[in-house]
Amino acid sequence: TLLPTTGPLAESGLAIKSVLAAYFDEINKQGGIYNRRIELSIAELGVNPTQSAANLERLIAEARPIALVAALTAGAEKEIVAVCEKSQVPLVGPLTVYPETGYPASRHTFYLLSGVEQQARVLIDYSRKGLGSHSNIAIVYSHDSVSSEVVEAIKQYCTRSGWPAVTAVDGRSEGFGSAGLAQKLKSSGGNLVLLLASGREAELFARSAEQTGWAPVLLIPGS
């Protein structure tokens with residue numbers, strides 16, 4: 001697998017490593033798979049996508065794994081999928097909020113969890129059908145949480161879904177906790193907000209909205 005064992009994501013990486021090791025140990029105690037033991041080999045998630053891809057290529061060349069499971073591919077999705085496609089090693093259940101689901105589809109990558117864009121589409125569909133009449137929807141995002149490409153894809157989906165007015169605002173530049181941002185969106189006449197931000201940023205936005213006397217419906221994808 002590919003995991004961070006140092007740096008800011010180390011806690012998550014070590015937790016995933018412990019779960020995988022315990023699960024594989026249990027399988028091996030029961031005889032493994034067709035009497036063959038499972039060995040866990042880990043490549044380090046690098047400080048950038050290029051380094052992550054190089055580390056994974058080295059692991060594949062040295063360990064010759066039958067598959068990669070539960071790899072944490074944060075920020076290196078395209079590069080990791082490309083390595084697995086080139087080496088024809090299955091990537092099963094990568095942990096990412098940005099699954100590579102474009103065309104042509106990868107033959108060796110199998111996602112088990114939906115990403116931000118897919119979750120946002122479900123929330124948008126639900127709001128159209130289950131939350132009554134809304135003419136406007138605002139997308140408030142942070143580039144630390146979502147890419148510009150994903151924001152644009154969600155905007156286009158809103159338009160295709162029949163929303164007459166779609167507003168996208170960079171919450172970082174406006175200030176998630178600023179009264180100005182909440183007042184600006186309130187004045188636009190909308191009361192439905194899709195928040196693509198961290199938990200702390202979402203909390204700041206909700207508080208600023210409350211302070212301006214505005215109570216919008218907040219749609220927040222999970223991660």
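Which residue of strand 9 stands opposite L192? The residue is V217, in strand 9. The model that shows this pairing is predicted; local features need pLDDT of at least 70, side-chain atom pairs count only at pLDDT 80 or more, and totals for chains, interfaces and linings use all residues. Residues are numbered from 1 along each chain as its sequence is written, and side-chain values use heavy atoms, with hydrogens and water left out.

The overall figures come next. The protein has 8 helices and 9 strands, where helices (H or I, at least four residues) and strands (E, at least two) are DSSP runs numbered from the N terminus. Its C-alpha atoms fill a box of roughly 65 × 35 × 35 Å along the principal axes. Of the 223 residues, 39% count as buried; buried means under 20% relative accessible area, exposed over 50%, and partly exposed in between, with a 1.4 Å probe and protein chains only. The exposed surface is about 12500 Å², and carbon and sulfur atoms supply 52% of it; such areas come from the Shrake-Rupley method with a 1.4 Å probe, and for residues only the protein chains shown count as cover. Among contacts with a separation of 6 or more, 62% are between residues 24 or more positions apart, a contact being heavy atoms within 4.5 Å.

Strand 8 (residues 192–196) is a useful place to start. It is mostly covered, with 5 of its 5 residues buried. L192, L194 and L196 point one way from strand 8, while V193 and L195 point the other way. Strand 8 runs parallel to strand 9 (residues 217–219), and 3 bridges join them; two strands pair if DSSP finds at least two bridges between them. Strand 8 also pairs with strand 6 in the parallel sense, over 4 bridges, and here A138 stands opposite V193.

Strand 6 (residues 136–141) is mostly covered as well, with 6 of its 6 residues buried. N136, A138 and V140 point one way from this strand, and I137, I139 and Y141 the other way. Strand 6 pairs with strand 7 (residues 165–170) in the parallel sense over 6 bridges, and N136 stands opposite A165 in that strand. Strands of a sheet pair through backbone hydrogen bonds, either parallel or antiparallel.

I124 in helix 4 (residues 116–130) touches this part of the protein. Leaving aside neighbours within four places in sequence, I124 is in contact with I137, I154, Y157, C158, S161, W163 and L194. I124 is buried because its relative accessible area is 0%. I124 and L194 are 70 residues apart in sequence, yet 8.3 Å apart in space, C-alpha to C-alpha.

A further sheet is open and has 3 strands in the order 3-4-5, with parallel pairing. Strand 3 (68–69) and strand 5 (109–110) stand at its edges, each with a single partner strand, so one side of each is left without a neighbour in the sheet. Strand 4 (residues 91–92) runs parallel to strand 5, joined by 2 bridges, and L91 stands opposite T109.

L91 also appears in the largest nonpolar core, which has 22 residues; L2, I16, L56, L68, I80, C84 and L91 touch the most other members. A nonpolar core is a set of buried Ala, Val, Leu, Ile, Met, Phe, Trp, Tyr and Cys residues joined through side-chain atoms within 4.5 Å. Strand 1 (2–3), helix 1, helix 2 (49–63) and helix 3 (77–87) each supply at least two residues of this core. A second, separate core of 17 residues includes V151, I154, Y157 and L192. As for L56, its contacts beyond four places in sequence are A43, L68, I80, V83 and C84.

Two loop residues have unusual backbone angles. Most residues other than glycine have a negative phi. The phi of N35 is positive, near 65 degrees, and N35 lies in the loop between helix 1 and strand 2 (43–44). N35 is exposed because its relative accessible area is 74%. R64, in the loop between helix 2 and strand 3, has a positive phi near 45 degrees. R64 counts as exposed because its relative accessibility is 69%.
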